[in-house]
Amino acid sequence: MVKLVVADDEEKVCRLIIALGDWERLGIEVVGTAANGLEAAELVAREKADILITDIRMPGLNGLELIEKIKKISSEIKIMIISGYANFEYAQQALKQGVNDYLLKPINREALNEALSKMVGQIETEQKNHLAIHDFQREREEEVTKLRKVLVKDLLDSRSLFLNEELLAEKYYFHAQPGAYQAVAVKRDVAITEKVQTSGEFLFEKLKEILERELAKECNDFLFVSSGEYLFGILNFPIRNNENIRKAVRSSFNQILARKDFLGGAELTAGMGTLVKKAEELPMTFLAAKRAVEERLVEGVGRMLEIDSDGGSLFEKKLTGKFTRNLENALQTLNTEEIVNTVQAIYKEAVETPRVHGWEILELVCQCGCLFILRMDFSDKTELQKEFERNCDNYISTKELFGYLENFMVEKIDQLIAGRKEDSVRPVRLAKQYIHNHYQEQITLEEVSEHVGLTAAYFSVLFKKETEIGFAKYLMNERIEGAKELLRETSLSVGEVCRKVGYNDLKHFTRLFEKSVGVKPAVYRKLYG
């Protein structure tokens, strides 16, 4: 609805204008009238009016002064002035100052509504244009936000990403200035047994608000992006602000730790990357921030951590080589006890290494798990490796992490053993089904073994191993059970039953039946038929 104010020092003129306007058809709401220029200006400002109809001569502020004041309040307001013939030249001057239309007294209904209709059309066009511009700006801002977030994704995907200030601006819309760069990483950890009350998205959104507020005056540009259970930050700032940056990040981290309602039972660890002075070194500080977070495996959670320049101490131990050799021995026999011993030996040597880093331990466990996966006969090794590494990243102590590696390997070995057992049981199960359906016929071991896709010799051994009685005995038992059912449920003679269950010799059948059941077929019928 378009809002309109009428201003005239003659009340009857205001009433006349209100009476003549076709407000409902035009979509206009008259929000008030004013008797002088000052009142008119206040009313327009208060009601955020779209149209002002005013006399050219007004007490308090004359027409030109009022127009000037109103335009400062709202540059887009439409103004219609009313004047008599004596003030026509004055009205023309007002038109040059941005007045949209004028009417001569006495006011004509048709001329008034035609002028108002024209103004409403202009307002609607401008509103559509503003909306289109707003939508374009919003879409543009969303696109820029997406492109800025890609910087973190690319840094996560590649440790050797090439960057410079021009590329940061043109590709990622990150507007850096000469000075310093530093990455920040915050990890949210949730115990498997915990029921967390808040989501990571909510927690990181609150942390971002605090960080952005604390860092706004210190940075040239900064970016915070959540990815899974991480919040990553890229900071660019004058190098003289280094200490202030550190204090701001620590303050933000402590503020969020104090909000137990935000944490909802989760644990947080922050990691500060190394300070670098070139955009080309951003991957270095980004990796350092993530590794600093991984130090929680040895330092504990709930802290802001950094790493020293030490390149690591586990490499010289060559633990992955030792793991691989021991793994080969364990996999030869699928011995889960040897698997456990292999993991425990690596764990013991790793934790007893002086000055060992958390990130080294994480890399070691990930390498051992991936070597195990590659050595095993899994259908989708690549996806299983990714899942294993994601799960490793969710443990907060060295002991828990190695425990996961141990359980993972034992579980997969048990699955493999069960699968192999199933592979051996399946042919026997198919053979049993075939015997049950065809025992009335003159079936042979060769026929059944061909049905299940095995050689007769191998099938015979496998079948006896699983059933403990062998093929001939099992077939006989099926036939005897079939005979017992026919004797109980039908009036067929013993000879007919004999033939029905696959025997041609009645004496042989009777002897087998009595040996198996304890009584002759005829007696069995008298007892149970």
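Two sheets, a buried asparagine and a nonpolar core

Colleague: In what order do the five strands of the mixed open sheet lie?

Modeller: This is a predicted model, in which local features need pLDDT of at least 70, side-chain atom pairs count only at pLDDT 80 or more, and totals for chains, interfaces and linings use all residues. Residues are numbered from 1 along each chain as its sequence is written, and side-chain values use heavy atoms, with hydrogens and water left out. Strands are DSSP runs of E with at least two residues, helices are runs of H or I with at least four, both numbered from the N terminus, and two strands pair if DSSP finds at least two bridges between them. With mixed pairing, the five strands of this open sheet follow the order 7-8-6-9-10.

Colleague: Which strands stand at the edges of that sheet?

Modeller: An edge strand has a single partner strand, so one of its sides is left without a neighbour in the sheet. That is the situation of strand 7 (221-227) and strand 10 (304-305).

Colleague: Which residue of strand 8 stands opposite valine 184?

Modeller: Strand 6 (residues 180-189) and strand 8 (residues 230-237) run antiparallel and are joined by eight bridges. Opposite valine 184, strand 8 places glycine 233.

Colleague: Is asparagine 236 buried or exposed?

Modeller: Asparagine 236 belongs to strand 8, and its side chain reaches the backbone nitrogen of glutamine 177 at 2.8 Å. Its contacts (heavy atoms within 4.5 Å), leaving aside neighbours within four places in sequence, include Phe174, Tyr181 and Asp221. Buried means under 20% relative accessible area, exposed over 50% and partly exposed in between, with a 1.4 Å probe and protein chains only. At a relative accessible area of 0%, asparagine 236 is buried.

Colleague: What is the strand order in the open sheet with parallel pairing?

Modeller: Within this sheet, four bridges join strand 1 (residues 2-7) to strand 3 (residues 51-55), which run parallel, and valine 6 has isoleucine 53 as its bridge partner in strand 3. The order of the five strands is 2-1-3-4-5.

Colleague: Which residues touch the most other members of the largest nonpolar core?

Modeller: A nonpolar core is a set of buried Ala, Val, Leu, Ile, Met, Phe, Trp, Tyr and Cys residues joined through side-chain atoms within 4.5 Å. Methionine 409, not counting residues up to four places away in sequence, touches Phe323, Leu327, Ile339, Val343 and Phe372. Of the 35 residues in this core, those that touch the most other members are Phe372, Phe402 and Met409.

How values were computed
Polar contact = N/O pair within 3.5 Å; in protein donor to acceptor, adjacent residues only side chain to side chain.
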